[in-house]
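Colleague: Could you take me through this structure step by step, since I am new to it?

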Amino acid sequence: MLKKIGKSLRDQAKDAMKEVRLKARSHIDPRFGCEELANGFRGLGLVPGDSVFVHSSLKSLGYVEGGPIAVFEALWDAIGPDGTMIVPTYYLPGGTILNAAQEPDYVFDPAVHGSNLGALPSAFLAFPGVRRSLHPSHSVSAVGRHAEFVTADHHRAESVFGEGSPWQRFIELDGKLLGIGISMGPVTFYHRLEDEMGESFPLPVKRPETYRMRCRDAAGVVREVPVRAFEVEYMQRRIDNPSRKDLRDYFWREMVSAGLMHVGQVGAARCWWIRARAFHQRLHRLAAEGITIYASAEEIERRGWPPLTEENPPPA
């Protein structure tokens, strides 16, 4: 009983501190409303009918009047009812595929589990009309014209990012990868190349065993889904590891110099978009030259750094 009361008090204290921080930010950070953000997305190059796969940082936008949901309302205003918004809404107990797969009682249920990826993905789950893919480690949510196509068969895909996954289908749509206030680090489309190439991928980044993880569909039927975890040693040298700013900067400069990166300002955030198909093709080309999101400092030096442009330098 004391444990339960203590936890409740801790939760109340956390909520109170969060409210204090939000109020402090509202006085310090620049303020932006839905209309200003929508105009920013249009200025970035988003147009009615676009399909966008969103990777985001809420705090980068400044203080958003209306909170996280207002960001998606602004984006929806920019792409219109014929557009499609897609957002990663993973729920991963333990923080990694391996930890989640080793939880003996874990059954992913989209009716119960939210997302532990942050404020924007969590808010997106409440957006009207959202559909969510059925997947025990990498559930993705979408709304709009292509939402069903993107999310419908994820649990039937051969692997997390394999054929039939939201990533493969988004590349088929040739939508726009949208980064809101982020670097080239947290971009899940890198892993589509790994699953597509399989054993031909330059590095053995996946553990050999396949876990049969469980998820519960809308009818209450529990389904088993094949999932392979990443090898820890490769995760530690990957582009999204905090220590690999060199690799994040390298990929940024590569995409800018290739003419693929479109950069602009939305609210207080520096944002970008890249066509999914061209991005995927570029990753193939880089892999053929020995450069992946796991490349060492020596490997990228050996290939040579792409030129640095004054107009679009990598994020600080």
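The exchange below covers a core, a strand and a helix residue.

Modeller: This is a predicted model, in which local features need pLDDT of at least 70 and side-chain atom pairs count only at pLDDT 80 or more, while totals for chains, interfaces and linings use all residues. Residues are numbered from 1 along each chain as its sequence is written, and side-chain values use heavy atoms, with hydrogens and water left out.

Colleague: Which helix gives the most to the largest nonpolar core?

Modeller: A nonpolar core is a set of buried Ala, Val, Leu, Ile, Met, Phe, Trp, Tyr and Cys residues joined through side-chain atoms within 4.5 Å, where buried means under 20% relative accessible area with a 1.4 Å probe, protein chains only. The largest has 58 residues, and F251, M255 and W272 are among those touching the most other members. Helices here are DSSP runs (H or I, at least four residues), numbered from the N terminus, and the one giving the most, with six residues, is α10.

Colleague: Which residue of β8 is the bridge partner of S56?

Modeller: Strands are DSSP runs of E, at least two residues long, and two of them pair if DSSP finds at least two bridges between them. Strand β2 (residues 51-56) has five of its six residues buried, and pairs with β8 in the parallel sense over five bridges. In β8, the partner of S56 is I180.

Colleague: What is the relative accessible area of R192?

Modeller: R192 lies in helix α8 and, leaving out residues up to four places away in sequence, touches residues including E163, W167 and H280 (heavy atoms within 4.5 Å). R192 counts as buried because its relative accessible area is 4%.

Note on methods:
Buried < 20%, exposed > 50% of the residue type's maximum accessible area, 1.4 Å probe, protein only.
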